[in-house]
Amino acid sequence: MAIRDYIRERFFPHIWCPGCGHGMVLNGLLRAIEKIGLDKNEIVMVSGIGCSARIAGYVDFHTMHTIHGRALAFATGIKMSRPELKLIVPMGDGDALAIGGNHFIHAARRNMDMTAIVMNNRVYGMTGGQYSPLSGYGTMSTTSPYSNIDHAFDVVELSVAAGASFVGRTTTYHAKQMADILGQAIIHKGFSVVEIMSQCPTCFGRQNRLGSAIDMLEHFKENTTPIGSKAKQKNPDLIERGIFVQKKMPEYCSEYEKIIERAMVTVHHRDRRGHREYN
Amino acid sequence: MNENLKFIQGNEVCVEAALYTGLDFFAGYPITPSTEIMEHMAKRLPKIGGKFLQMEDEIASLCAIIGASLTGHKVMTATSGPGFSLMQEALGYAIVAEIPCVIVNVQRGGSSTGIPTHVGQGDVMQARWGTHGDHAIIVMTASNHQDVFAITVDAFNLAETYRTPVILLFDEVVGHMRERIFIPKKGEIPLVERLRASVKRGVDFHPYLPREDGRLPISDFGGVNRHNVTGLAHDMWGFPSDNPQVVHGLIRHLVDKIQNNTHKIAKYKEYYLQDARTILISYGSAARSALHVVENRRSRGEKLGLLELQTLWPFPYYLVQEKCADAKYVVVVEMNMGQILQAVKVSVDRPERVFLANRIDGVFITPTDIRNILRLIEGKGV
């Protein structure tokens, strides 16, 4: 199936600003899905609120554009009720980790099979450039006009600590790696997190004097490195890219199937003993 | 012994009724006095192959059942005041995206975290207007276990009929009280199943274009018709729109589909209303005490009657006006500061003759409390 068949052309052009990285995430995601060869009817995309969330409207899957921060909670209900569906949950950084932080860690802990994508542009773009929990100390924003004193989460460390069974990170500059990691995350049976560092030249770039979208992409190239590289040993400030965790763990829906079996066996035993089950 | 005869808590009756309708998905978060509902669901659902989820909070609980409803399941969550407050945003989402679901609020006493193990009826207005923006909502209640069963089944039927969340506003007394109940046989109460879209694969599908009769068929997630679901104002494709005509049409549709059918939705019970000079209007557990007073006074020849409301919203203004037309006094019996009182005053021709008999201290309103108010109204002193 061609990439174009995965999008709803009726609703283009999209609302993202010129230079925004979110379209590149969409591109990488669709290439990953095409490579795996998933049918459009078996994919459900659930998004929250913000620039990132609009991605759901443009893809021709079963799509749900929900409320701020709660995408993973909606996705949990969908997956649990129909485990055969593939759940993809793109979120922004504020969406996933500020208002949605609690849902994020609990979804990771539960290990239900779905792919959470954190489109991290380090800013609330749709509301015009306020700092997010991923902006980081010293960044400028409309709500930190004298510099930000909030420290940032490390999405990878947070996800690992919360129990995610697949954790990856890449950037919009590394388009091929992005498609590759997303593909592996989607195939992975369990809760997968992919942080994609994405540029927002309009809100984050401008306030932090990071230049054009091209400059910001160059910045991703220069300030990131593959996991465990020599460059990282020399310069610990570099941000590592790649797959940090990829492990087999009991998946929630499969585990619940066992609960169903156990509950049904209980009924059977009691019946044999001639007891009537009221509860 | 009839095996359909049980002596159980109201919360468990609600579970029995939900399962009777074919519910097979529940998500919740523990909160007094509704917790027994989720405990029974956790035990019962896997036995029938259904799914139970304990979520990280009430917000996630409602979100999860909305998601599960979209895949074609009958769903429910249960909570009490503080949890109901947390659910308000997702409730609005379900209203605007038109996703059927049932939300039980077993009301506790007091405001804020209040008095969790005591009774109150203070969430009536929150159930009506708790979520932001213009909308219509269906809110139902019951005073005894047989009615809890019937009303719960009805809530699922209405949710499917009108593609909307329905709120079951029970209270601590009804939820925790044990009482006799006959579980109806399968088929005894008619069930409304989901109206599904019959559009074939490849045909342009308009998920939000209502039929001529106002009903909106659903296409399940995972089926052949893929569509977008959003809480933003949306067009007939479910795609966000700020076109004034589209937005106007959407709000009118959401409000009209419920308000225009108030006469079909409204459920109530009446006792001795034909010749009543004084009419008590009550609902939920408070109606039990009100009924006691009415029957007690009737035996002494006094012309008292009771109108027990089971549908609180949309409020049946026409019904209250009609039933109270010849009454000298109307007394609203409720355990709050007069939330239904206001709606009753708007309904009747002589609002100055409407009085309130209430309790707001977490103690169940007694027949004596109501009698004292009646004596004051009748000028007999306390």
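This is a short talk about salt bridges in the structure shown above.

Hi everyone! Before anything else, please keep in mind that we are looking at a predicted model. Side chains of opposite charge can pair when their charged atoms come close. Counting over all chains, there are 31 salt bridges in this structure. I'd like to walk you through a few of them.

Let's start in chain A. Here A:Lys189 and A:Glu251 pair through their side chains, at 3.9 Å from N to O. Where do these two sit? A:Lys189 is in the loop between α7 (175-187) and β8 (191-197), while A:Glu251 is in the loop between β10 (239-246) and α11 (252-272), so this salt bridge ties together parts of chain A that are 62 residues apart in sequence. And is A:Glu251 buried or exposed? With a relative accessible area of 4%, A:Glu251 is buried.

Now over to chain B, and to B:Glu302. One salt bridge joins B:Glu302 to B:Arg297, with 2.9 Å between the closest N and O atoms. Another joins B:Glu302 to B:Arg300, at 3.8 Å from N to O.

How accessible are these three residues? B:Arg297 is buried, at 4% relative accessible area. B:Glu302 is partly exposed, at 23%. B:Arg300 is exposed, with a value of 52%. The cut-offs help here: exposed means over 50% and buried means under 20%, so the 23% of B:Glu302 falls in between.

Which residues does the network of salt bridges link? It links B:Arg297, B:Arg300 and B:Glu302 together with B:Glu378 and B:Lys380. Do look for them in the structure. Thanks for listening!

Methods:
Residues are numbered from 1 along each chain as its sequence is written. Chains are lettered from A and ligands numbered from 1 in the order in which they are written. This is a predicted model: local features need pLDDT of at least 70, side-chain atom pairs count only at pLDDT 80 or more; totals for chains, interfaces and linings use all residues. Side-chain values use heavy atoms; hydrogens and water are left out. A salt bridge is a side-chain nitrogen of Lys or Arg within 4 Å of a carboxyl oxygen of Asp or Glu. Helices (H or I, at least four residues) and strands (E, at least two) are DSSP runs, numbered from the N terminus. Buried means under 20% relative accessible area, exposed over 50%, partly exposed in between (1.4 Å probe, protein chains only).
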